[in-house]
Amino acid sequence: MKKIFLIFLVFISCNIFSQFDFYGPEPFNDIFNDSFSSSWTPSSLTSIENRKYIVILDAVSQSNIVSLNTTNKELVELITISNINGNTATYGSVLRSVFQIVDENTHFENDPGGGSGTYTPLSGNYKLNPVLHSYYSINSYPLTNALNTTDNGSYYVSQQTNTGYLLVEFVGLSASTQIKAVEQWEYSSSLDTLVENTSWVSKFLTINGTSLEWTSNVSNATNFFIADASDVIDLEIQNGTDFNPNNVTYKSNATASIPSNISAMSNSPIFNISNNIDPYYVDQLGNSTSATTAASSALDEIEITLSDNGSSLRYPKAFYLALRENMLSHEISSSDIYNAELGNRTIEDIYFTNASDDNGVPHPFMVIGSHCLAARPNLLLDVNRPPGATPGVGYAQSEVTRHGKLGQFLAKIPLKDYGLVSTLLDNDLSPFGDLASAYDAIHGSSTVKDEFNYAGTASIGMAVDGVTIYPSYNNNLRHTVEDAEITSSGIHVGGGLELHYHADAHAFNGNGINLYNISDYNSNDHPPVIGISYDGIALFGKHENSFSSMAGSQVSLDEYGGHDHGDGFGYHYHAHTQSAIGITPPNNPFNQHILLVGAWKGNINDIPGFLEVKTSQLNNNTINRYVGVSYLGMGMKSETNSKISIHPNPTNKNITISLNNFSGNIKTEVYDLIGNKLKISNETTISLRDYARGIYILKVIYGERVEEVKVFKQ
Ligand SMILES: [Zn+2]
Ligand SMILES: [Zn+2]
C-alpha cells in the first residue's frame with residue numbers, strides 16, 4: 001500500500017513539474033521602449049502616392065527627421081536619424097517618425113452607380129498622419145506657425161483647442177521637395193464638422209534652427225527628402241503575398257461613416273460593472289494587488305465548488321491567473337479608433353464568477369470586460385477590400401469599413417472542464433447558427449460541414465489584447481486573406497465597425513509590433529498564451545522552427561489546430577500555418593496563418609449563455625448570474641460552504657452526518673487517500689472503528705449534489 005502511494009505521488013509531481021511556463025506576450029505599450037535594430041539607409045519614395053508610409057528628412061544632410069515628441073503627440077520636432085538607425089533606436093522612436101500620406105478624397109471615392117455614378121477622384125492634396133495616431137494630422141499652431149499635429153475628426157475633436165489638418169502638396173521629387181500647405185481645415189462647433197479656414201494662405205514647411213515652422217515666404221522653404229518607411233518597418237501588404245495571395249486591387253469605395261449614436265469611452269458600461277454585479281465579486285475588479293488576491297481566492301472557491309460537484313477546472317489555477325495578468329497589461333497607445341482614449345487599458349476588468357444553474361450544477365466563468373481594441377495602430381485604411389457596410393447592395397455600390405469604434409464585451413470563458421468533442425457534429429450549433437448553414441441559406445447550397453465552416457458566425461474567442469477572434473473563414477467560406485480583407489496585423493472591422501482578428505499576423509513580417517512577437521519566445525519553454533476560445537480552450541502562439549525544443553513542438557496539431565502534450569496541462573490550440581489554394585481565380589497558392597480554425601474542439605453543449613459575450617447579458621435574467629449579477633438563491637459562500645456537518649471529527653469510532661435543510665436520502669462512500677473505496681452506506685452514522693489511524697474522505701451524495709469531507713480517524 002505504501003509503495004503504491006509513493007508511485008502515485010511521483011506521478012502527480014511529474015505532471016506538475018513538467019508543465020510549461022504560463023505567460024503572455026509583451027504588450028505594445030512596453031514594446032515601445034524595446035530597442036529597434038536596423039541598418040537603414042534612407043531611399044526616396046518611388047512616387048508620392050496615397051497611403052504610403054514615409055519618413056521626412058531634410059534633403060541636404062539627410063540626418064534630421066521629423067518626429068512626434070516622446071510624450072506629447074501634438075508636438076512635432078526635428079530629431080537626428082540616430083533615433084531610427086542608431087544603437088539607441090526604439091520601436092517608439094521609429095514609429096513616432098513614420099507618417100502616412102492620406103489623400104483628402106481617400107474616404108470619398110465611390111461609384112454608387114457601378115460605373116455611371118458619382119466618383120470623386122484623388123486630388124493630390126494630402127493629410128500627413130502619424131502612423132501611431134491616424135486621427136491626428138499635421139497642422140500649424142495659430143500663433144507661432146510651428147508644425148504640430150491636431151485631432152482631425154475623432155469623437156473628441158469638439159473638446160480640443162487646436163483641431164483639423166493641413167492639406168499639403170509636394171513640390172518637386174521625393175528626393176528634394178518642398179512641402180506646401182495649401183489649405184487648412186478646422187473644427188466648427190456651430191456646424192459640428194470640419195470646415196475650411198478660408199483665410200489660410202499657402203505656406204511652406206521650413207527648418208528654422210532646430211524647429212519646424214510654416215512660412216509664407218517661398219524663399220525660406222526647406223527642401224525635404226521623403227523616404228520610404230517600408231525600408232525601416234514593414235507595414236504594407238504586397239500583392240501576391242500570404243495576406244493578399246490573389247492580388248486583389250485596392251477598392252476605392254467611399255468609407256462608411258461612423259454611426260451618430262456613439263458615445264465617449266468614459267460612458268462605456270465596461271467602466272460601470274461594479275454597479276451591476278454582486279458586491280461579492282467587486283473586489284476582483286481593476287488591476288490592483290488586492291484585485292489579484294481576490295481573483296486568486298475566487299479561483300480557490302471555484303475549485304472547491306467544482307470538486308464538490310465531481311468536476312474540475314479545465315486548466316490549472318496558475319494558468320488563469322497568468323492569462324488574467326497579461327490581459328490587464330495592454331494600454332491604448334494609438335489614437336486609431338474613433339472613440340478610444342489613450343492610456344486606458346484595452347481590457348478593464350477580469351473576474352471569476354461561481355454561479356450554479358437552477359439544478360445546483362456549477363458553471364464558473366472567467367468574465368472579461370473588454371473595450372475590444374488593439375493597443376497599437378490598426379492600419380484599417382490599407383485594407384484592399386474591406387467588408388461592405390451597405391446591406392443589400394452590390395459591393396461596387398457599397399460603402400466599406402475603414403473606421404473602428406469601441407466594443408462593449410463581457411466575454412464569458414468557461415472555467416469548468418466540459419470535455420472535448422470526438423467528432424465535429426458532436427457540438428450542437430443549431431441554437432447559434434454556423435458559417436456553412438448561413439452561407440447555404442443565402443446561396444441555396446448544401447455545404448459539407450468541416451472544421452473551417454462549422455464555426456460561429458461572429459466572434460469565437462478573444463485575444464489577450466481584448467480584441468475578439470473570428471474564424472479563419474469569412475461568410476463567403478473563404479479565408480479572409482484570399483479576399484484581401486484584413487490588415488498586416490490580421491485584423492479588420494466588419495459592418496458593426498468593431499475590430500476582430502481573422503488571422504495570425506505574427507507570421508506576417510516579424511515587425512515586432514504584432515499581437516505576439518518572436519521576442520516573446522526568449523527564455524521560455526512554450527509559446528505564449530495569446531487568447532482563449534469561447535469553448536474554454538486556451539490559444540497559444542505558433543510553434544517556431546527556431547524554438548524547436550519548446551514543449552509540444554514535436555506534437556502535431558489536429559484539424560481544430562490543437563494538441564495535448566501529455567504533460568497534464570490538457571488540450572489547447574496553437575496559431576499555425578497551413579498551405580491553401582485560392583478558391584477564386586487566379587487560385588493562387590498561399591500559406592494561411594491561422595489564429596483559430598473555426599470549429600470548437602471543446603464541448604459547448606452544456607455551457608449556459610454560450611456566445612452571449614456583450615454587456616447586454618447584465619440584463620438577461622436567465623444568464624446574468626454567470627457574469628456576476630445576484631440571483632435568487634445566490635450566495636457564493638452558501639453554495640461553496642457545505643450543507644454537511646459531521647461530528648465528532650476527529651473521531652475514534654463513529655461519525656454522524658447531518659444535512660441542513662435536506663430531508664431526502666443520502667448515500668455515503670468512504671475512501672482512503674489513495675482513492676480506494678472502503679465502504680458504501682445509506683446510514684447517517686458510519687463506523688470507522690476498523691480502520692487505521694489517518695485521514696479518510698467521505699463522499700456524500702444527496703439530491704443532485706456530491707460533496708467531499710475529510711475525516712480524521714484517531
Ligand atoms: Zn470579419
Ligand atoms: Zn502546445
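Helices (H or I, at least four residues) and strands (E, at least two) are DSSP runs, numbered from the N terminus.

## Where to start

This is a predicted model, in which local features need pLDDT of at least 70, side-chain atom pairs count only at pLDDT 80 or more, and totals for chains, interfaces and linings use all residues. Residues are numbered from 1 along each chain as its sequence is written, while chains are lettered from A and ligands numbered from 1 in the order in which they are written.

A good first stop is G388, in the loop between β15 (365-370) and β16 (409-414). Is G388 buried or exposed? G388 counts as buried because 21 C-beta neighbours lie inside 10 Å (a residue is buried at 20 or more other C-beta atoms within 10 Å of its own, exposed at 12 or fewer, and partly exposed in between, with C-beta atoms placed from the backbone). Leaving out residues up to four places away in sequence, G388 touches Y395, S398 and V400; contact here means C-beta atoms, placed from the backbone, within 7 Å. Between the C-alpha atoms of G388 and F32, 356 residues apart along the chain, there are 34 Å.

## Domains

The chain is divided into domain 1 (6-26 + 256-619), domain 2 (39-231) and domain 3 (642-713), with bounds that come from an automatic or database domain assignment. Taken over C-alpha atoms, the centres of domain 1 and domain 2 are separated by 36 Å. Each of these two contributes 16 residues to the contact between them.

## Nonpolar cores

In soluble globular proteins, nonpolar side chains tend to be buried together. A nonpolar core is a set of buried Ala, Val, Leu, Ile, Met, Phe, Trp, Tyr and Cys residues joined through C-beta atoms within 7 Å. The largest one here has 153 residues, of which I54, V55 and I368 touch the most other members. Helix α6 supplies its largest share, six residues. At least three residues come from each of domain 1 and domain 2.

Look at I54 up close: setting aside neighbours within four places in sequence, its contacts are L45, F99, I101, I226, A227, D228 and A229. Apart from this core lies another, of 10 residues, including V670, L688, L698 and V700.

## Helix α6

How far apart are the end C-alpha atoms of α6? They are 29 Å apart, which agrees with the 28 Å that the 20 residues of α6 (residues 289-308) should span at 1.5 Å a residue; the expected span is 1.5 Å times one less than the number of residues.

The buried residues of α6 are A294, A295, A298, L299, I302, T305, L306 and D308. After the helix comes G310, with a positive phi near 80°.

## Strands and sheets

Two strands pair if DSSP finds at least two bridges between them. Strand β11 (residues 203-208) and β12 run antiparallel and are joined by five bridges, with F204 partnered by T215 in β12. Two residues sit between the strands of this hairpin, where G209 has a positive phi near 70°. Side chains alternate along β12 (residues 211-215): L212 and W214 point to one face and are buried, whereas S211, E213 and T215 point to the other and are not.

Elsewhere, an open sheet has three strands in the order β27-β28-β31, with antiparallel pairing. β27 (644-647) and β31 (685-687) are at the edges with a single partner strand each, so one side of each lacks a neighbour in the sheet. Four bridges link β27 to β28 (residues 654-659), and S645 faces S658 in β28.
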